[in-house]
Amino acid sequence: MEEKELTALERQGRAAKEAARTLAVASSREKDRALDAICDGLLARQGEVLAANAEDLAAARAAGMSPAMQDRLMLDVKRVAGIVSGVGEIIALPDPIGQVTKMERRPNGLQIGRRRVPLGVVGMIYEARPNVTVDAAALCLKTGNAVILRGGHDAIRSNLALAGIMRDALEQSGLPRDCVCLVEDTSRSSAVELMNLTAYLDVLIPRGSRGLIRSVVEHARVPVIETGSGVCHVYVDEHADLEMAANIITNAKCSRPSVCNAAECLLVHHSVAQEFLPMAWEKLKQWNVEIHGDGVTRSILGEFTVIPATEADWDTEYGDYKLAVRVVGSADEAMDFIARHGTGHSEAIVTENYTTAQRFLDRVDAAAVYVNASTRFTDGGEFGLGAEIGISTQKLHARGPMGLEEMTSSKYIIYGNGQIR
């Protein structure tokens, strides 16, 4: 019977599957040498990357992309250096592949253990953040996984430049180029095909907007690790240090509003709202933050300052200089509100009350829960993991920033001396 002709993506999948077999048994030294070569290539050829990124930015501006989203897309010399530094941090971390996490002798003399192994071929669907192209590839390479990257159309020129540099570096260091593959077709059909590439993909990781993640979760036949849409809250308790709280919400909202760990909703205890909200507004207005508030917030800050919040605001990941604000009657009300409207990403309380802080830690169901700190710390680098491939908001396999260990599976290894059953 004649074999059916493979699509371009199927050919990539088959090549990645073959490359994964070689990469799975590569030594730590071989993988680190390839990652070193990637660092050298990115620095030596950053002019190519920045020129491609400038074209992406020009097209994005012409298409009316918001300034916050342009910031996600933009690369400069400092950001390229940061990407290279992130790869360097991954190189410095211990290689988890081959680690035996458990070994015990059974009564029949069998020694049974578990060893960390690669997942295999990882698919990534993501949007306009070209740094993800390198972060994902580096984490996959360190853990012996081949990766098929499918970014959005907004960053296609940047991604082509980055992937080309990494593929050249792999070849120069003696590993297959196809350990890193980039899907050049950014149409919806390529995303749908990738979601169904069961013959070649072992796992699919979406990273981007809530709409993208929902689409992948609902339509993929490949197993999915669901990552972080972030409707993140900061709750200012009645026992909060209000100056600290104002600094935290300003950082959580304004330091980089387009990322998934940015705060989207501020909850304030009614007993401190009259004092706190003007303090917070003094800082937030310096960033031209648009406030969508409830009736109490409007009465305190003024109707001309605050846009009336709708029910949709409480569930919106703005990714912009916009903030939903609500005054609540108690910590319990705040926690109930987070349970209804949060996405399980990152939640924070600002309080000096130990008991309230512990109840918040116990009751709030999210990948990262903070006491007296900004939600912006939910990041692989900040958690000591190197770069991360995404922030998992599900509970199976991995949760929170996904570093090296989260990119592994395990297999049982059994030593015997002739036992039969």
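Where is M103 found? In this predicted model, M103 is part of strand β1, which runs over residues 100-105. Its relative accessibility comes out at 36%, so M103 counts as partly exposed, falling between the 20% and 50% cut-offs. M103 also joins V100 and Y415 in a nonpolar patch on the surface. Taken together, the accessible area of V100, M103 and Y415 is about 270 Å².

Next, helix α2. This helix covers residues 28-44, 17 residues in total. At 1.5 Å a residue it should span 24 Å, and the C-alpha atoms at its ends are indeed 24 Å apart, so the expected and modelled spans agree. S28 lies in α2, and with a relative accessible area of 32% it is partly exposed, because buried would require under 20%. In sequence, S28 and I91 are 63 residues apart, yet their C-alpha atoms sit 9.2 Å from each other in space.

Plenty of α2 is tucked away from the surface: K31, D32, A34, L35, A37, I38, C39, G41 and L42 are buried. What do these buried residues pack against? Their partners are helices α1 (8-24), α3 (46-62), α5 (77-92), α6 (131-142) and α7 (156-172).

Helix α6 turns up again in the nonpolar interior. The largest nonpolar core has 51 residues, and within it M124 and I389 touch the most other members. The largest share of this core comes from α6, which supplies 8 residues. A second core, separate from that one, holds 32 residues, including I248, V272, A280 and L323.

As for I389 itself, leaving aside residues up to four places away in sequence, its contacts are M124, A136, L139, C140, I205, R207, M402 and M407. So M124 and I389, the pair that touch the most other core members, also touch each other.

Finally, there is T227, a loop residue between α9 (210-219) and β7 (232-236). Is T227 buried or exposed? Its relative accessibility is 2%, and because buried means under 20%, T227 counts as buried. With residues up to four places away in sequence again left out, T227 touches I205, P206, R207, I213, G390, I391, S392, T393 and M402. Among these, I205, R207 and M402 are also contacts of I389.

Methods. Residues are numbered from 1 along each chain as its sequence is written. This is a predicted model: local features need pLDDT of at least 70, side-chain atom pairs count only at pLDDT 80 or more; totals for chains, interfaces and linings use all residues. Side-chain values use heavy atoms; hydrogens and water are left out. Patches are made of residues with over 30% relative accessible area and no salt bridge: like charges are joined within 9 Å, nonpolar side chains (Val, Leu, Ile, Met, Phe, Trp, Tyr) within 5 Å. Accessible areas come from the Shrake-Rupley method with a 1.4 Å probe; for residues, only the protein chains shown count as cover. A salt bridge is a side-chain nitrogen of Lys or Arg within 4 Å of a carboxyl oxygen of Asp or Glu. Helices (H or I, at least four residues) and strands (E, at least two) are DSSP runs, numbered from the N terminus. Buried means under 20% relative accessible area, exposed over 50%, partly exposed in between (1.4 Å probe, protein chains only). The expected span of a helix is 1.5 Å times one less than its number of residues. Contact means heavy atoms within 4.5 Å. A nonpolar core is a set of buried Ala, Val, Leu, Ile, Met, Phe, Trp, Tyr and Cys residues joined through side-chain atoms within 4.5 Å.
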